[in-house]
Amino acid sequence: MELTRTADLWWKTAIVYCLDVETFFDSNGDGHGDFRGLTQKIDYLDRLGVTCVWLMPFYPSPDRDDGYDITDFYNVDPRLGTLGDFVEFLRTARDRGIRVIADLVVNHTSDRHPWFQSAREGPDSQYHDWYVWQDKPPPDAKKGIVFPDQEESLWTYDRKAKRYYLHRFYKHQPDLDVANPAVRDEIARVMGFWLELGLSGFRVDGVPFLLDTAGSHDAAQLPDPHDYLADLRAFLGRRRGDAVMLGEVNLPYKDTMKFFGDGDGVADELTMCFDFIGMQKMYLSLAREDAEPLADALRERPLPPRDGHWATFVRNHDELTLDKLTDSQRQEVFAAFGPDKDMQLYDRGLRRRVPSMFDGDERRIRMVYSLLYSLPGCPVLYYGEEIGMAEDLRAEGRLAVRTPMQWSSTRNAGFSQADVKDLPGPIPQGRFGPEHVNVRAQEGVAESLHSWIRHLIDRYRECPELAWGRYEVLDTDESSVLAHRCDIQGTVVVLHNLADREVAPEITLDGVDNSQVLVDLLREGETEVSTKGKATIELESYGCRWLRVTER
């Protein structure tokens, strides 16, 4: 692929930073982060190297599910500011060359949304058929419950409507009926509204649930739901040609590929899909200190269609899901990184952040983020990861990893001047609390984790091979070492040692000989290559090396 005329594919080399406005920075002292506060911190994100901000839900909400229960898709929650504040934030971000995408949460609404309140009036309401109703729950009503500790069924009886409504998630989040053309048109209007204000696309929440029409009337006679996803992508392209749809699709690779679409080798549905399988196999490899599970996942991962891409991550805003591992594999990861029941959620994931999972071991933490920025795909960083924030298990469920950003060691971590009771979550204490972990203490300090993340971002931006190139997992004689190469107009070779011991694996690089050397990209130095393309790479415990093939 040529490296010309690629501006419309900005996401191929994007540095995505996910944040929740409510927990980022409070500008007015009411205890809630807000858009004015976020605007004040744009230069911080710019200095870090961020090129795209992903906003978690900021819409009006009763906040029973951290904003994912929405009552108005066309506004900003008053706690976070106004539409004017939102537009000013977009303008400021754009001035720094930072694009903004936002969560598109249209599988369901809040039960307090005016649409649902009207729908409860009965079949005469224009909104009744915007939701999925049945006179009695189907036999499989308990199958596939997302929150088994909170819900007993996917169907709940509404006394006013005198019917059961479908909710894939909480009962206070009734599902919209995406099979209804009126609902489809409304979703397009929502997207069009925010695109007009300046968004560069959307992270689409729970895509498989969104397209699931199993509870709709005459579901068997409905068109293929993927046709609807393709329609949304086409609408997005018409409104803004370089906009993206980043999909949350936690399925095996074969099934995930369907959500890219089938446009004769072109991604005509989702632009990008998160690599949930690679992430889960990565943690299995880290737990075993054995590269094989992650190497196997990379070998098995299909190439995305043209103009499609995988999004890589080591942490996100939910529990660290391990649901695609076997029961025994999941227990291995639990034992290594979350042995206490309080650290686990639904017996399928961990409600912990990376630094605490590795007990603060800087070597392992830095190595994990090196994996994030060098594995093939678009890297997505969760807020606070750049300074080593940890979870607070005092918070309920997933909220443990959604605590306020730690800006300084001052009152409330420099996040807000409000009373502690008014904050959106607790301030972590102990070794990962703001007294020890904060932006002010790390930004500009050469040996800090923040500077390491910034260094990785700089090198990633200088290595188009990592984003654009074809990759190959390399064989080594060390089980703990993951080695891969990425080729386009040049070649970059990356090695990670997942074990607590020094190793010196030998790799073979086809097409490379002793007329070339491997130049270190993360530190000073270079490595010789033999006439047969062989090189021995020294790696310290939990070490990582990025190397560029360079002519002598």
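1. The largest pocket encloses about 730 Å³ of space, a pocket being, on a 1 Å grid over the protein atoms alone, an open set of points with protein on both sides within 12 Å along at least five of seven lines, while a cavity is a set of points where a 1.4 Å probe fits but cannot get out. Of the 32 residues that line this pocket, V146, F169, F209, E248 and N250 are the closest to its centre, where a lining residue has an atom within 4 Å of a point. Helix α6 (residues 207-210) gives the most to this lining, with 3 residues. For the volumes, grid points are joined across faces, edges and corners, and the space counted is that filled by probe spheres set on the points.

2. Before reading further, please note that this is a predicted model, in which local features need pLDDT of at least 70 and side-chain atom pairs count only at pLDDT 80 or more, whereas totals for chains, interfaces and linings use all residues. Residues are numbered from 1 along each chain as its sequence is written, and side-chain values use heavy atoms, with hydrogens and water left out.

3. Turning to enclosed space, the count comes to 6 cavities of 30 Å³ or more, and the largest cavity holds about 110 Å³. Of the 13 residues that line the largest cavity, G278, M279, T312, F313 and L375 are the closest to its centre. The elements that give two or more residues to this lining are α9 (276-288), α10 (292-300) and α13 (362-374), and α9 gives the most, with 3 residues. Helices (H or I, at least four residues) and strands (E, at least two) are DSSP runs, numbered from the N terminus.

4. Strand β1 (residues 16-19) is covered on both faces, with V16 and C18 on one side and Y17 and L19 on the other, all of them buried, that is, under 20% relative accessible area, against over 50% for exposed and partly exposed in between (1.4 Å probe, protein chains only). β1 pairs in the parallel sense with strand β14 (residues 378-382) over 3 bridges and with strand β2 (residues 52-55), also in the parallel sense, over 4 bridges; two strands pair if DSSP finds at least two bridges between them. C18 has Y382 as its bridge partner in β14 and stands opposite W54 in β2.

5. A separate open sheet is formed by 3 strands in the order β11-β13-β12, with antiparallel pairing. Its edge strands, β11 (320-321) and β12 (344-345), each pair on one side only. Between β12 and strand β13 (residues 349-350) there are 2 bridges, and L345 stands opposite G349 in β13.

6. The largest nonpolar core has 152 residues, of which Y17, L55 and Y283 touch the most other members; such a core is a set of buried Ala, Val, Leu, Ile, Met, Phe, Trp, Tyr and Cys residues joined through side-chain atoms within 4.5 Å. Apart from it lies another core, of 16 residues, including A483, L518, L539 and L547.

7. As for the cysteines, the structure holds 0 disulfides, a disulfide being a pair of cysteine sulfur atoms within 2.5 Å. For C52 the nearest cysteine sulfur, that of C378, is 7.5 Å away, and for C463 the nearest, that of C486, is 9.2 Å away. C52 is buried at a relative accessible area of 1%, and C463 is buried at 3%.

8. R163, in strand β6 (residues 163-166), is buried with a relative accessible area of 16%. The R163 side chain makes a polar contact with the side chain of H128 (3.2 Å), a polar contact being a pair of N or O atoms within 3.5 Å of which, within protein, one must be able to donate a hydrogen and the other to accept it, and residues adjacent in sequence count only if both atoms are side-chain atoms.
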